[in-house]
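Could you walk me through this model in the viewer, one selection at a time? I would like to know what to click on next and what I will find there.

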Amino acid sequence: MSIELADLSILRTLEVPEGFPVSEIKAPKGVGRGFRCLYRDFVPGRSGSEENIRELIKFRRRLSDKDRRTLDSMFLWPLEIVESHGAAVGYITGILPSRFEESLHTPHSGQAKVARTLDWLNRPAHARAVEASLVVEPEDTVSRMTYCAQIARAVHFLHSRDVVFGDIGPLRVVWSSDPIDVVLLASECTSSGTSRSSVPDIHAPGMRPPESVRGQSVQDIGTDRYKLAVMFRDILGVDGDRSSVLAALSGRIDHDGIVLFENGLGGTSELRPSALDWYEYFYSQIMSLTTPPSIGMFGAVPGHGLRNQYIEFTWHAAGYRELVLETPWGEVHRLDISESKHRLMLKQSGQFRLTASNRHGTTERLSDVVYAFDPPTVRFVEVPELGGVEKAMTGLDSTILSDRVVEGAEFSWLDGGFDAVASPQLPPLPDLPQFASAGVALEQVDWQGLTSVIDDVMRAADTEVRGGVRAGRDLRTSAAMLVSRVQSLASRVVNARSR
Amino acid sequence: MTAGLEIEPIFRVRIDIRVALGGLISPPGLEYIVPLTKWMNDEFARRPILVDLLEVAATGGRGGAVYFDSRADYGHGQMYDGIPATRVLSIVVGTGAAITQNLESLEVDSQAPLLVWLVGEDALDSLFSVHHSQVSRTRRTVADPSLSPELFVEICRGLVRAAVGSPAETCAELIESTALSAAMRGLGYVVS
């Protein structure tokens, strides 16, 4: 069933964003929902257009009444093919409601009306300069996210029915306010499952996905998802920093959103968020931005640390436009809303406070107490001076001993004294018992012990002499050691005799 | 991960219009330019996206007046990168005598595809000489003795829309195209 070109009743010719003329016609019987329709010619030289448009018309006819009404409210969709002399020359779509028209003041032609395509949303300064009827400020994130959500909702309608939109771009979306609403303009690039391969490889400027740059000629749901991410970035990042791909979004989008954009604009088609993922994200953001923010978790890793150590805070929060972290020592850190963690130096123990705020209120949350420990220090211990080593060795003060037992601190009685059987020359002591024979005195002296002591010391001294450096010192030490042992043995003898 | 993201840059088309004045007080070329620049102003006002896709400048050549500059009027301080040669289109409008005299001062790009629009009474006479005096590259010279800027403006409008609407075509293809020939409405022209 198709309509003859000659039968169309043309009311006027319009200029459309793409530049070629479109005619407003009286709606043929049974076509569309209103009195007027739009007729457009097929672009000459593009093969596959007719087949594609026929598929789209069939797709719409197959929908349930409810779904068809939804489609008609969200899209400008092909309704009928128009033929002339048996060949298809164009197709009919519905008409755009007048609230999707922008009225502006041109420099030389006075007031003009154009379809309010998405480039008007992305250039509020231009819109203001030409006195457009609708201007959305760059900071009006809630409205902009609502437009994004509506676009995602429309694209999801198609994707969930295996239809690829194809040529997603700013000139294919018109928008309005009161209520915030969008209509997507279907084209020859929109394709349902069967006719996918005949879709022309057309991309709006700046919308070509990496795989298409690399040579993929088919447009599929993956390429649609990439273009959605580019479009949302352009809507939300208006008048932002252009130094890197996502720089314009920092400060406007929270961390969860940044992750969605990173995946959406990446080269891996499978990782890109679906239209439904975007819709859910924007919906939850709008909900949370229109109520006070919520904070789910706020804590530090590690939970305790050394003073002046760096610790990292993480949090789960939603719906905030400002985020502030207060430390127990009074510092206030303003956080970038796109961050998900923050490092700082722990100066003092206490609780940290996270404050999230938006236009509708403020929410606070205190962390657990974070303890700041001081690192252990070593105190120096006084070690008493030992004096001579010989004192330490025996526990006896041999100076005192030598004063009592031997005249002065002389060791000369050692020389030649050992091969003499006679006992050492002892000072006269009172009450010293007289032994009957010298042999008894000798038995009191442990010759074995004495000689072995000397042997040990001389052996040690010998080793040390051969060992080198410390020999001299140790020899004195050893000699002193020997003397004191001899003196103690001798005193034992004396004491034994005196008993 | 953000570091690995790249978005394809938008390649703009540059349309460079030069008006050859030739020393007359009210040269015919100027009458053709004025309606064109008025239309440009309106078109850039109507289509906010145009400033990202197109750069148009209409000047009188070296030291001459600037009649229209889309970057100055609508660019709002954006940064512009260099444009590849295939995306530049030159248009020159004026009488045969004015163009021949002022060829150097017009400073027309020597490689870009060129459309020369001859106006005034001697348009047809100077058609061949002007065409062959241009540096060799894709070019079309049209002789329009009608003294009405209408067709010129219409042709330029079509070129602007075609340049923006079909990124795959180079400007050379636009100049050579049969569609453009068909739009000449009986005027004499040379294409090479």
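In which loop of chain A is Pro302(A) found? Select strand S14 (294–301) and strand S15 (304–306) of chain A: Pro302(A) sits in the loop between these two strands. Keep in mind that this is a predicted model. While you are there, look at the peptide bond that runs from Val301(A) to Pro302(A), which is cis with an omega near -5°.

**Next stop: another cis bond**

Now move to strand S11 (173–176) and strand S12 (181–185) of chain A, where the loop between them holds Pro179(A). The bond to pick out joins Asp178(A) to Pro179(A); this one is cis too, and its omega is near 0°.

**Two residues with positive phi**

Select Asn308(A), in the loop between S15 and strand S16 (310–318) of chain A. Its phi is positive, about 70°, although Asn308(A) is not a glycine. Is Asn308(A) buried, partly exposed or exposed? Its relative accessible area is 48%, and since exposed begins over 50%, Asn308(A) counts as partly exposed.

Then jump to Glu131(A), in the loop between helix H4 (124–129) and H5 of chain A. Glu131(A) is another residue other than glycine with a positive phi, here near 55°. With a relative accessibility of 55%, Glu131(A) counts as exposed, because that value is over 50%.

**Into the nonpolar cores**

From that loop, carry on into helix H5 (residues 141–159) of chain A. What does helix H5 bring to the largest nonpolar core? That core has 109 residues, and Phe75(A), Ile151(A), Phe232(A) and Trp117(B) are those with the most contacts inside it. Helix H5 of chain A gives the most to this core, with 10 residues.

Centre the view on Phe75(A) and show what surrounds its ring. Beyond its neighbours within four places in sequence, Phe75(A) is in contact with Ala154(A), Phe157(A) and Leu158(A), and also with Phe165(A), Val183(A) and Leu184(A).

There is a second core to select, separate from the one just visited: it has 20 residues, including Phe313(A), Ile337(A), Leu344(A) and Ala372(A).

**Across to chain B**

Colour chain B on its own. Chain B has nine helices and seven strands, and 51% of its 192 residues are buried. Among contacts in chain B with a separation of 6 or more, 75% join residues 24 or more positions apart.

Now show both chains and select the contact between them. How many residues does each chain bring? The contact takes 29 residues from chain A and 21 residues from chain B. About 2,500 Å² is buried between the two chains, with carbon and sulfur atoms giving 61% of that area. On the chain B side, highlight Leu5(B), Ile7(B) and Pro48(B): these lose the most area to chain A, together 25% of what that side buries.

For the polar part, there are two salt bridges between chain B and chain A. One to display is Arg208(A) with Glu8(B), where the closest N and O atoms are 3.1 Å apart. Seven residue pairs are in polar contact across this interface.

Finish with the elements of chain B. Helix H1 (28–46) and helix H2 (50–53) each supply at least two residues of the side that touches chain A, and H1(B) gives the most, with six residues. Colour that side by residue type and you get 11 nonpolar, two polar and eight charged residues.

Conventions: Residues numbered from 1 in each chain as written. Chains lettered and ligands numbered in written order. Predicted model: local features only at pLDDT ≥ 70, side-chain atom pairs only at ≥ 80, totals over all residues. Heavy atoms only, no water. Core = buried A, V, L, I, M, F, W, Y, C linked by side-chain atoms within 4.5 Å. Buried < 20%, exposed > 50% of the residue type's maximum accessible area, 1.4 Å probe, protein only. Helix = DSSP H or I, 4+ residues; strand = E, 2+ residues; numbered from the N terminus. Contact = heavy atoms within 4.5 Å. Buried area = accessible area lost by both parts, 1.4 Å probe. Salt bridge = Lys/Arg side-chain N within 4 Å of Asp/Glu carboxyl O. Polar contact = N/O pair within 3.5 Å; in protein donor to acceptor, adjacent residues only side chain to side chain. Nonpolar A, V, L, I, M, F, W, Y, C, P; charged D, E, K, R; others polar.
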